[in-house]
Amino acid sequence: QVQLVESGGGLVQAGGSLRLSCAASGRTISNYVMAWFRQAPRKEREFVAAISWSGGSTYYADSVKGRFTVSRDNVKNTVYLLMNSLKPEDTAVYYCAADLPKPGNYSASYYSRVLHDYDDWGQGTQVTVSS
């Protein structure tokens, strides 16, 4: 398994920016799809963004498209989520997740938005956007 630790969360004003980091240890994330999910109070955990194992493809929920950018640095074994133009509705606990694709899903562009497809999770980091 991969151990994941998120950092970079905090309190920010609406319209501001924040960059989250997800540091991995235990094994390289080079062959993992990496994703970010978030969970707001009284809501289900939802998909935010993902990046294919190759780093060549990124995917975003409609609610964050154009504002958030996911990236990865396999040398540093770290995944990032740059959040711009933050809105109060972005307030949530943000989780980093790793998915090791099974045989048949080794495409360089493969990813999943399904919560239970991910094998490892971080502890989460709180992002609060004030208005």
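The following exercises, each with a worked solution, concern a predicted model of a protein.

**Exercise 1. Overall form**

Determine how many helices and strands the protein has, and which radius of gyration a compact globule with 131 residues would have.

*Solution.*
Step 1. The protein contains 0 helices and 11 strands. Read along the sequence, the pattern is therefore β-β-β-β-β-β-β-β-β-β-β.

Step 2. For 131 residues, the radius of gyration of a compact globule would be near 14 Å; the protein has 14 Å, so the two values agree. The C-alpha trace spans about 45 × 25 × 25 Å along the principal axes.

Step 3. Of the 131 residues, 46% count as buried. Among contacts between residues at least 6 apart in sequence, 62% join residues at least 24 apart.

**Exercise 2. The disulfide**

Identify the cysteines that form the disulfide, and state which parts of the chain the pair ties together.

*Solution.*
Step 1. A search of the whole structure gives 1 disulfide. It joins Cys22 to Cys96, with an S to S distance of 2.1 Å; the cut-off for such a pair is 2.5 Å.

Step 2. The angle about the S-S bond is -80 degrees, and the link of Cys22 and Cys96 is left-handed. Cys22 belongs to strand 3 (residues 18-25) and Cys96 to strand 9 (residues 92-99), so the disulfide ties together parts that are 74 residues apart in sequence.

Step 3. Cys22 has a relative accessible area of 0% and is therefore buried. Cys96, at 0% relative accessibility, also counts as buried. Within the strand pairing, Cys22 stands opposite Val79 in strand 8.

**Exercise 3. The four-stranded sheet**

Establish the strand order of the open sheet formed by 4 strands, and state which are the edge strands.

*Solution.*
Step 1. The order is 1-3-8-7, and the pairing is antiparallel. Strand 1 (3-7) and strand 7 are the edge strands, each pairing on one side only. From one strand to the next, the twist averages 15 degrees.

Step 2. Strand 3 pairs with strand 8 in the antiparallel sense over 6 bridges. Strand 7 and strand 8 (residues 78-83) also run antiparallel and are joined by 6 bridges; Thr69 has Leu82 of strand 8 as its bridge partner.

Step 3. Strand 7 and strand 8 form a hairpin with 4 residues between them, and Asn77 in the turn has a positive phi of about 55 degrees.

Step 4. In a regular strand, side chains alternate between the two faces of the sheet. In strand 7 (residues 68-73), Phe68, Val70 and Arg72 make up the covered face, whereas Thr69, Ser71 and Asp73 make up the uncovered one.

**Exercise 4. The nonpolar core**

Which residues of the largest nonpolar core touch the most other members, and which elements give two or more residues to this core?

*Solution.*
Step 1. The core has 39 residues, of which Met34, Trp36, Phe68, Leu81, Met83 and Tyr94 touch the most other members. Two or more residues come from each of strand 3, strand 4 (33-39), strand 5 (46-51), strand 6 (58-60), strand 7, strand 8, strand 9 and strand 11 (125-130).

Step 2. Beyond four places in sequence, the contacts of Met34 include Leu4, Ile29, Ala49, Val79 and the disulfide-forming Cys96.

Step 3. Met83 lies in strand 8 and is buried, because its relative accessible area is 0%. Beyond four places in sequence, the residues Met83 touches include Leu18, Leu20, Phe68, Tyr94 and Val127.

**Exercise 5. Two serines**

Classify Ser57 and Ser25 as buried, partly exposed or exposed, and describe their surroundings.

*Solution.*
Step 1. Ser57 lies in the loop between strand 5 and strand 6. Its relative accessible area is 19%; the limit for buried is under 20%, so Ser57 counts as buried.

Step 2. Outside four places in sequence, Ser57 touches Ala50, Ile51, Ser52 and Ser109. Ser57 and Met83 are 26 residues apart in sequence and 18 Å apart in space, C-alpha to C-alpha.

Step 3. Ser25 is found in strand 3. With a relative accessible area of 38%, Ser25 is partly exposed. Its contacts outside four places in sequence are Gln1, Val2, Gln3 and Asn77; Asn77 is in the turn of the hairpin of strand 7 and strand 8.

Notes
Residues are numbered from 1 along each chain as its sequence is written. This is a predicted model: local features need pLDDT of at least 70, side-chain atom pairs count only at pLDDT 80 or more; totals for chains, interfaces and linings use all residues. Side-chain values use heavy atoms; hydrogens and water are left out. Buried means under 20% relative accessible area, exposed over 50%, partly exposed in between (1.4 Å probe, protein chains only). Two strands pair if DSSP finds at least two bridges between them. A nonpolar core is a set of buried Ala, Val, Leu, Ile, Met, Phe, Trp, Tyr and Cys residues joined through side-chain atoms within 4.5 Å. Contact means heavy atoms within 4.5 Å. Axes are lines fitted to C-alpha atoms, for helices over the stretch in contact, and angles run from 0 to 180 degrees between N-to-C directions. The radius of gyration is taken over C-alpha atoms; the globule rule is 2.2 Å times the number of residues to the power 0.38.
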